[in-house]
Amino acid sequence: MCGRYSITDPNKAIQRLFGYDGSVLNWPPMFNIAPTADVPIVIRGGNPEGGKPRALVRARWGLIPSWAKDVKIGAKMINARSETIAEKPSFHVAWKKRRCLIAADGFYEWGRDGDRNIPYRVAYEDERPFAFAGLWERWDGPEGPVRSCAIITVSANTILAPIHHRMPVIIDPKNFERWLGIEDGPDDDLHALLSSREIKGFRPYQVSERVNRVQNNDREILAPVVA
DNA sequence: CCAGACGTTGTT
DNA sequence: GTCTGG
DNA sequence: CCAGACGTTGTT
DNA sequence: GTCTGG
């Protein structure tokens, strides 16, 4: 699963991942991102610097379906299972029309050791940024429209299985256009993107339990601790 | 037909 | 909105 | 995901 | 235990 993640340099990550200047949103470093936080995502739309039609926007983490009566439902919709995403009423429309990429440079998983939960950070060895496969939705609330998103999950691969049985889907940069729907393709192709479960070069390492508290949002959160 | 749910995770 | 249960 | 709250009444 | 907030 994926219930916390990080983007330590959002502007640089946008540049490296998507090849355009994302500094307009001027995002601060986020070491400990929790559900309901506003996060930067990339969707179809616009034409940044004359390139592919993509738009960098902010969205609340936790998908709020269009029919929701309250934003609170979003807190339960932080992940969407790839196995059932096409059938679930809450995700079906977004699956067809509103896929997104969620910029990150690490995510956190809690493993279990007896009665203790041990936090790990999972990131590329060289700390390069990557993108989760996501869905987004627009909800018209009493205080105007709210954009929200969810991270898609699959069963854990061999690297992560010892820690946890679910993990987020990472989309390879060469598949960004296919995923966003900028290039046409049948739905089977989309499922193929979700089923790769490839996270070559990823490395999980134990971190301090300080990450448990969402208020702890500082660079020390990233530091490895000795088991 | 209308009413009511609509999600994931982990744990038992 | 759309699907399921009754 | 984890942490932390979880209630009503009456009075100021 | 279960829900809310972050």
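**Exercise 1. Find what Thr153 touches on DNA strand B, then look for similar contacts.**

Start with Thr153: one of its polar side-chain atoms sits 3.0 Å from a phosphate oxygen of DNA strand B. That's a polar contact, meaning a pair of N or O atoms within 3.5 Å; within protein, one must be able to donate a hydrogen and the other to accept it, and residues adjacent in sequence count only if both atoms are side-chain atoms. Before going on, remember that this is a predicted model, where local features need pLDDT of at least 70, side-chain atom pairs count only at pLDDT 80 or more, and totals for chains, interfaces and linings use all residues. Residues are numbered from 1 along each chain as its sequence is written, chains are lettered from A and ligands numbered from 1 in the order in which they are written, and side-chain values use heavy atoms, with hydrogens and water left out.

Next, Arg112: an N or O atom in its side chain is 3.0 Å from a phosphate oxygen of DNA strand B. Then Ser90, where a polar side-chain atom lies 3.0 Å from a sugar or linking oxygen of that strand.

**Exercise 2. Describe the protein surface around DNA strand B.**

Step one: list the neighbours. There are 17 residues around the strand, and Lys76, Arg81, Lys88, His164 and His165 come nearest. (Near means that a heavy atom of the residue lies within 4 Å.)

Step two: sort them by class. You get six nonpolar, six polar and five charged residues. Here Ala, Val, Leu, Ile, Met, Phe, Trp, Tyr, Cys and Pro count as nonpolar, Asp, Glu, Lys and Arg as charged, and the others, Gly among them, as polar.

Step three: check the DNA side. Of the atoms of DNA strand B within 4 Å of the protein, 71% belong to sugar or phosphate, and the rest to bases.

**Exercise 3. Do the same for DNA strand E.**

First, the neighbours: Arg4, Ala34, Pro35, Thr36, Lys72 and Val214 surround DNA strand E. By class, they split into three nonpolar, one polar and two charged.

Now the DNA atoms within 4 Å of the protein: 21% are sugar or phosphate, the rest base atoms.

Finally, pick out the contacts to base nitrogens. An N or O atom in the Arg4 side chain is 3.2 Å from one. For Thr36, a polar side-chain atom lies 3.1 Å from a base nitrogen. Pro35 uses a polar backbone atom, 3.3 Å from a base nitrogen.
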